[in-house]
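Subject: Structure for you to look at

Hi,

Here is the structure I promised to pass on. Have a look at it first, and then read on for what turned up.

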Amino acid sequence: MSLRARLGAAEHDGELPRLGAGLSAVLRIEGAGAPIVLRLDEGRVQFAPGAPADIVLSAAEEDWARVLASPPPPRFQAFTALAIANPAFTLSGDPLVIARARAVLERLFELAVATPVAPARPAARDMGQIAGRYRRITAPDGACDLYVEEAGAGRPVLFLHTAGADSRQYHGQLADTALARDWRMVAPDMPFHGRTMPPQSWQGEPYRLTGARYVGWCAAIIEQVIGGPAIVAGGSMGAALALLMAAERPDLVAGIIAIEPPFRSKGRRNPFQHHVGVHAGLHNAAYVRGLMSPTSPLDLRRRAAWIYSQGAPEIYGGDLGFYSDEFDGAAIAPRIDAGRTPVALLCGTYDYSATPEDGEKLAALIPGAMLRVMEGLGHFPMCEHPDLFRPHLAAALAHVAGGSEG
């Protein structure tokens, strides 16, 4: 089926009206045969031959053919992947218009990239085993009532969410009845995120996360909530923090599982992540939607993006101050002693923010680290396809538990 035919399904798509309220723009696609011109009007999509374009996306015909492959290769799976991570494609237009249209554009390319879900053995899950409560912590930047979800019993595992998100990303693991038999799983909403309010010391100033601030929060959680050293399993920004904790506070870390760890993740910032002219709930959810695998179930990808639609102003971009601007794996990784603090690195093939190549670079600098490349998973494996992610997590837990002291 041609790209034009696949995009024709957008005329009847039930999701686009929610994503495109107030939008009026024209998209022109070049290189996939005759030019395709689409009018994006209040979430309604119609072919509009000859209409002057606001946004132009172009590539060679063979590269458009890769988008239509089932499944497409990494970096060919989504609009944002094509626009910012694939040099074969050229995007032009007013950046503000593109930002306002991003949610619609991401959904359009989901329709174009029609590929089956990667099969995986389903795990037994019970959301009722998750208990949430507020826990008072005192960190270097002040006291905070931290919202924490827990499940299971056994050795503690601290799950750290990604930039701009919250602990709901780990519901697939917290609800896993088999995991709960062996592990005490603890997943907090970090200050400023989800159901945790800012620290009482905050006076409304711009939010920016630093490595020192993040280490202070996590040390407080391990000491004051968990009560002793824990395995730290973090995703993306949380993976960077897990590596930093292993380097700076190995006394508090029994092992780390870095899920989608960056080496240097420059370029993740976007001026429209926090901008008065752009609906951040639409923009940021779409921005991360393009980081996921097209072979992950669509309903789970929607839920993963939903968390980003609910973030407070500036928090996603403020987190990237640590993840994208500050963290440097070349400086942190050599400081980690994997003999004392076992390390597992889990990297999804569809992640263009923290790539399998990043994992290879980190592993080369951390002798003894385990590296697993997760075929068919993207930047949010724990929530975009938890069943496919599960055996990778199990292997990582076995590695860090078997290799840790005590």
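A quick word on angles before anything else: axes are lines fitted to C-alpha atoms, for helices over the stretch in contact, and the angles run from 0 to 180 degrees between N-to-C directions. With that in hand, helix α14 (residues 356-365) can be placed: it lies across β12 (343-348) and β13, and runs at about 160° to β12. Please keep in mind that this is a predicted model.

The sheet with β12 and β13

The two strands under α14 belong to an open sheet of 8 strands, in the order β6-β7-β9-β8-β10-β11-β12-β13, with mixed pairing. Its edge strands are β6 (131-139) and β13 (370-374), each of which pairs on one side only. From one strand to the next, the twist averages 25°. β6 and strand β7 (residues 142-151) run antiparallel and are joined by 9 bridges; G132 stands opposite E149 in β7. Helix α8 also packs on this sheet, where it touches β6, β7, β8 (155-160), β9 (183-188) and β10 (230-235), and its direction makes about 120° with that of β6.

The other sheet

There is also an open sheet of 5 strands, ordered β3-β2-β1-β4-β5, again with mixed pairing. Here β3 (44-47) and β5 (90-93) stand at the edges with a single partner strand each, so one side of each has no neighbour in the sheet. The twist averages 20° from one strand to the next. Strand β4 (residues 55-58) pairs with β5 in the antiparallel sense over 4 bridges, and V56 has S92 in β5 as its bridge partner. Helix α5 (residues 95-112) packs on the sheet and touches β1 (24-31), β2 (33-41), β3, β4 and β5; the direction of α5 makes about 55° with that of β4.

Aromatic rings

I think you will enjoy this part. The structure holds 14 aromatic pairs. In one of them, the rings of Y214 and W217 have their centres 6.5 Å apart and their planes at 70°, so the pair is edge-to-face. Y214 and W217 are 3 residues apart in helix α8 (residues 211-226), which means that about one helical turn separates them. Both Y214 and W217 are buried. Y308 and Y316 give another edge-to-face pair, because their ring centres lie 5.2 Å apart and their planes are at 75°; Y308 and Y316 are buried too. Ring pairs also link F192, W202, Y207, Y214, W217, F322 and F327 into a cluster. Elsewhere, the charged end of R4 sits over the ring of F47, 4.1 Å from its centre.

The cores

Y214 and F322 come up again in the largest nonpolar core, which has 103 residues: together with L241, L243 and I257, they touch the most other members. Setting aside neighbours within four places in sequence, L241 is in contact with L160, Y214, V215, C218 and F322. A second, separate core of 34 residues includes L40, I55, A112 and A286.

One last residue

A5 has its place in helix α1 (residues 3-8). Is A5 buried, exposed or partly exposed? A5 is partly exposed, because its relative accessible area is 39%, and the range for that class lies between 20% and 50%. A5 and H283 are 278 residues apart in sequence and 26 Å apart in space, C-alpha to C-alpha.

Happy browsing, and best wishes!

Key
Residues numbered from 1 in each chain as written. Predicted model: local features only at pLDDT ≥ 70, side-chain atom pairs only at ≥ 80, totals over all residues. Heavy atoms only, no water. Phe/Tyr/Trp six-rings, centres within 6.5 Å; stacked < 30°, edge-to-face > 60°. Buried < 20%, exposed > 50% of the residue type's maximum accessible area, 1.4 Å probe, protein only. Lys NZ or Arg CZ within 6 Å of the ring centre and 35° of its normal. Pairing = 2+ DSSP bridges. Contact = heavy atoms within 4.5 Å. Core = buried A, V, L, I, M, F, W, Y, C linked by side-chain atoms within 4.5 Å.
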